[in-house]
Structure formats: structure tokens, C-alpha cells
Amino acid sequence: MFPLVLIPAMACDRRLYDPVRPLLRGVKAQSLIGRGETMAANVEQVLSHAPERFVIVGTSFGGRVALETALAAPDRVRGL
């Protein structure tokens with residue numbers, strides 16, 4: 001099973017996913033928040049802090065960051 005990277009919505013933090021974390025038994029999950037000025041900067045930040053291979057999930061704007069991350073690094077993103 002690949003690690004899970006969670007990208008919260010804009011103006012949110014990792015606490016957005018606190019209700020679902022207990023349901024992710026056995027899954028290594030981390031929240032990453034891009035603080036870049038551009039989408040490319042956000043994607044770069046996510047990729048620089050994410051594991052080598054991972055599944056990515058995003059909410060609202062985080063979903064767009066997740067999609068762009070998957071498109072930028074299809075060799076690393078194992079699921080969206």
C-alpha cells in the first residue's frame with residue numbers, strides 16, 4: 001500500500017482531515033499544504049515533501065493541486 005498525501009482546501013490546514021484519519025488504519029498519511037504563489041510552486045512544494053511514490057487526495061483547491069501534481073509526476077503519483 002502506498003502512502004497517502006492529503007492536500008486540504010485553501011485556508012484550511014491538516015485538521016480538515018482529522019475526522020477521517022482514524023478510518024485510515026494501516027495507511028501512512030500526511031497532510032501537505034502548498035503556500036506557493038502559483039500552481040506550479042504549490043506542485044513543486046508537494047513533490048519536494050511527498051514520498052517517492054504516493055496516492056494523493058485533495059479537497060477543493062487542494063483537489064486541483066492534487067490533479068496538477070498527478071499530471072506533473074505520473075511516475076510518482078500512484079493514485080488520485
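Trainee: Which residue forms a salt bridge with D18, and how far apart are the closest N and O atoms?
Mentor: Before the answer, a word on the model: it is predicted, local features need pLDDT of at least 70, side-chain atom pairs count only at pLDDT 80 or more, and totals for chains, interfaces and linings use all residues. Residues are numbered from 1 along each chain as its sequence is written, and side-chain values use heavy atoms, with hydrogens and water left out. A salt bridge here is a side-chain nitrogen of Lys or Arg within 4 Å of a carboxyl oxygen of Asp or Glu. D18 passes that test with R21, the closest N and O atoms being apart by 3.9 Å.

Trainee: Are D18 and R21 buried or exposed, or something in between?
Mentor: The scale goes like this: buried is under 20% relative accessible area, exposed is over 50%, and partly exposed lies in between (1.4 Å probe, protein chains only). D18 comes out at 33%, and R21 at 26%. Because of those values, D18 and R21 are both called partly exposed.

Trainee: How many salt bridges does the rule give in total?
Mentor: One of them you've just met, D18 with R21. Another joins the side chains of D13 and R15, at 2.7 Å from N to O, and E68 also bridges to R64. By this rule, the count is 3.

Trainee: About how far apart along their helix are E68 and R64?
Mentor: The two side chains bring their closest N and O atoms to 2.9 Å. E68 is partly exposed because its relative accessible area is 22%, and R64 is partly exposed because its value is 46%. They sit 4 residues apart in helix α2, so the separation is about one helical turn.

Trainee: What is the strand order in the sheet?
Mentor: Strands (E, at least two residues) and helices (H or I, at least four) are DSSP runs numbered from the N terminus, and two strands pair if DSSP finds at least two bridges between them. In general, strands of a sheet pair through backbone hydrogen bonds, either parallel or antiparallel. Here 4 strands make an open sheet with parallel pairing, in the order β2-β1-β3-β4.

Trainee: Which are the edge strands?
Mentor: An edge strand pairs on one side only. The twist from one strand to the next averages 40 degrees (axes are lines fitted to C-alpha atoms, for helices over the stretch in contact, and angles run from 0 to 180 degrees between N-to-C directions). The edges are β2 (29–31) and β4.

Trainee: How many bridges join β1 to β3, and how many join β3 to β4?
Mentor: Strand β1 covers residues 4–7 and β3 covers 54–58; in this pair, I7 stands opposite G58. On β4 (residues 77–79), V77 stands opposite F54. The bridge counts are 4 for β1 with β3 and, for β3 with β4, 2.

Trainee: What handedness does the β-α-β unit have?
Mentor: The unit is made of β3, α2 and β4. A crossover counts as right-handed if, with the strands pointing away from the viewer, the path from the first strand over the helix to the second runs clockwise. By that test, the unit is right-handed.

Trainee: Which residues form the nonpolar patch on the surface?
Mentor: Patches take residues with over 30% relative accessible area and no salt bridge, joining like charges within 9 Å and nonpolar side chains (Val, Leu, Ile, Met, Phe, Trp, Tyr) within 5 Å. One member lies in helix α2 (residues 61–72) and counts as exposed because its relative accessibility is 58%. Together the patch has about 310 Å² of accessible area (Shrake-Rupley method, 1.4 Å probe, only the protein chains shown counting as cover). Its residues are L67, L71 and L80.

Trainee: Which residues other than glycine have a positive phi?
Mentor: One is in the loop between β1 and β2, with phi at about 70 degrees; its relative accessibility is 83%, so it counts as exposed. The other is in the loop between β3 and α2, with phi near 55 degrees, and is exposed because its relative accessible area is 62%. In that order, they are A11 and S60.
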